[in-house]
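Me: I have a model open and would like some help reading it. Could you walk me through the ligand site and the cysteines?

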Amino acid sequence: MAIFFDAQNKIFYLEGKNTTYAFGIHACGCLQHLYYGKKVGRDDLHYIAADGPSAFTLRSPEDKKTSYQHIWAEAPAYGRGDFREPMYAIRDEKGDRLSELVYVRHEILSEKPMPAGLPALREGETLVVELADKVHPFTVRLYYTVYDDLDAIARRVEYINNGESAMFLDRAFSFSVDLPRSDFDVITPYGAWAKEFQLDRTPIRHGVTEIGSKYGATSATTNPFLILAADGADEHRGEVYGFNLIFSGSFAMKAELSMMGTVRVLGGAPDFDFTWKLEKGECFPSPEVVMVYSDEGLNGMSHQFHDTYRRHLINPHYVHAKRPVLINSWEGAYFNFDNERLMRMIDGVKGTGVDMFVLDDGWFGARNGDKAGLGDWVVNEEKLKGGLKTVIDYTHAAGMKFGLWFEPEMVNPDSDLYRAHPDYAIHCPGHDPMLGRNQLVLDLTRADVRDYIVEAVSKVLRENEIDYVKWDFNRSVAENYSSHLPADRQMEFQYRFALGFFDLCERLVNGFPHIFFEGCSSGGARFDAGLMYYFPQIWTSDDTDAYMRTLIQYGASMIYPLSVHSCHVSACPNHQAKHTTPFATRADIAHLGATGYELDPAVISEEERAQIAEQVAAYHEMEDLVLEGDLYRLSSTANSNFFAEELVSKDKTKALLTAMRAIPIVNDEIRTVYPKGLDENMVYHIRELNIDLHGSTIMNAGLKLRFPNGDYASAVWHMEKV
Ligand code: GLA
């Protein structure tokens, strides 16, 4: 039992492994947050609650002791004296926007109800609290899912119109929590194409700090997570709160430091260019958020997110399955291939242990570059004589499986699909559509467009022996308008687009359960927990440079488990960053995820080709750590010359340390790293040093980093229980 209600004191206790989250029913009827942090006793926590009103604050007409400005709210409303950010904003047909919610009833469910049409954590004991507006016929249901063996809580909200006339939601966030302290740094991701998952860390300031996306996807410019690190918390020490949305569309997340020194964190679907019309009886289900608390620093927080997503988010059929080590044709051939070229690539890795050949962009329609063909999911027989079958048969004969690239949500104006159905593309009458990479986005808010996509992609999957699909999304959605929505629902477009995408995933992923789906969006522009519910693996970045990947993969690992990060060894000099990096380093860094190759094996040196077999074997030796292990980030290239990460098996019998030095510096200081997470009393053999040491020695005396000569040199240390 992770959820307990103290009926006498009217307090809900949500108890994770080491966490308590508590809130009560206030005398005024609203829900009052009481505590979120390290596990505490089930005491009457009202003693700690916020003080009453001060001079000049607005007070309830029924109870002069109540001021929403001071209450730590669970579901903060607008228009009744709480001047902080509200969790939601309603408007009725008369223009009345005031709201005040009171407790009606609650239920504790042993089986988690899933939100309609949205990805969410699977399973878990769930508390549903129903609140009613004092004036409007409007109900809000708060859902809390808690796991007693984890320190993660999932929250979401349903907003329901019980009245006869329509009502509008101008904001409908997924959660809000008030933390009664202000000693936080805010950590948020920022980035761009080929530079995803960079991290900002700044002391919280009064007012609102926010991140969000208007791209129609979660985007490369940020990612839907926000972290609060208390009192100088670092990777290994201190209290940390992490918040991550399970969503793949535009979003908003905010942290507001109030005048009383409390921090309110909230977020969900975007509140910009958003209004949702609720007709009589209609319900708006918000996306889910996952909240994690840890008193073991950022690594402790990451362990909780990783374990939660492995147990309850990622498709259980694939989450623990060994990932195919693949070779992808993109950086090796781009659009320039025919059967012979692809066969040479397949020959190049035959017998190395690479298990799958993935044919990327360029196999369909008139797709000889990025100007034409998107939308026409029919094989280009000028390039692939005899159709896909010839390549698939050749791949199978070489002992490998076959994977194929799609970009289902897109269309080039120069395509048969666009010529037949120009209206399928998103456009706003009177405005010439913008082009991004010469393409337009299909209107996923329309059921007929989604039906077309499902059938076109399914046909290829039905007619060919395909084991893997790479699902790409290479432009943003800007012209948020659908000719199939009435004027007063146009501002639902962004959210409906995300729901349309999830519908496609439901139908295609469930329709082909034997196919392994990998997500992609010009690299990591839709790398999020929403996608992870459907796709067990996502291409982390188009930047395949090992140095850049140390930064990108480091940031992504804050929230997302390594098995999701798709990471490839690519050609040198690197096509994006132009760095010259040793082949070994490229593999060592690409092994910190679901690994593969992205180069033309027909043109690399004999020596490198021979190394592929060794690298694949080395990966197989450690892949259980990637799939199941605990990650410890030890050093970042964001603020040092060194990258170091360690993976430790859950039973602590096996660990791997991977490190890279960006550039050699003459007379550089000694660099020691201190591995974590080992068993102090266990003796480990360190293969590369040929030495046996206690875990306590390794963790406290450390390991001196030594590298081969040259730029971007890497090294690994295998540790195994003696
Ligand atoms: C995007 C992807 C790449 C590749 C190309 C194909 O950029 O991120 O991996 O698939 O599209 O056009």
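Reply: Happy to; we will take the ligand first and the cysteines afterwards. Keep in mind that this is a predicted model.

Me: How many residues surround the ligand, and which are the closest?

Reply: A good start is to list the neighbours. Here 13 residues surround the ligand, and the closest are D360, D361, R437, K470 and D542. Sorted by class, that shell has 6 charged, 4 nonpolar and 3 polar residues.

Me: Which side chains have a polar atom beside an oxygen atom of the ligand?

Reply: For this, look at pairs of N or O atoms within 3.5 Å. In the side chain of K470, an N or O atom is 2.8 Å from a ligand oxygen. D472 also has a side-chain N or O atom 3.0 Å from an oxygen of the ligand. W539 places a polar side-chain atom 3.4 Å from a ligand oxygen. As for cover, the ligand exposes 300 Å² when taken alone, and the protein buries 96% of that.

Me: Now the cysteines: how many disulfides does the structure hold?

Reply: The structure holds 0 disulfides.

Me: Why is there no bond between C28 and C30?

Reply: Check the distance between the sulfurs; a disulfide needs them within 2.5 Å. The closest cysteine sulfur to that of C28 is in C30, 3.4 Å away, so the two are too far apart for a bond.

Me: Is C28 buried or exposed, and what about C283?

Reply: Relative accessible area tells you, with buried meaning under 20%. C28 has 15%, so C28 is buried. C283, at 34% relative accessibility, counts as partly exposed.

Methods:
Residues are numbered from 1 along each chain as its sequence is written. This is a predicted model: local features need pLDDT of at least 70, side-chain atom pairs count only at pLDDT 80 or more; totals for chains, interfaces and linings use all residues. Side-chain values use heavy atoms; hydrogens and water are left out. A residue is near a molecule or strand if one of its heavy atoms lies within 4 Å of it. A polar contact is a pair of N or O atoms within 3.5 Å; within protein, one must be able to donate a hydrogen and the other to accept it, and residues adjacent in sequence count only if both atoms are side-chain atoms. Accessible areas come from the Shrake-Rupley method with a 1.4 Å probe; for residues, only the protein chains shown count as cover. Ala, Val, Leu, Ile, Met, Phe, Trp, Tyr, Cys and Pro count as nonpolar, Asp, Glu, Lys and Arg as charged, and the others, Gly among them, as polar. Buried means under 20% relative accessible area, exposed over 50%, partly exposed in between (1.4 Å probe, protein chains only).
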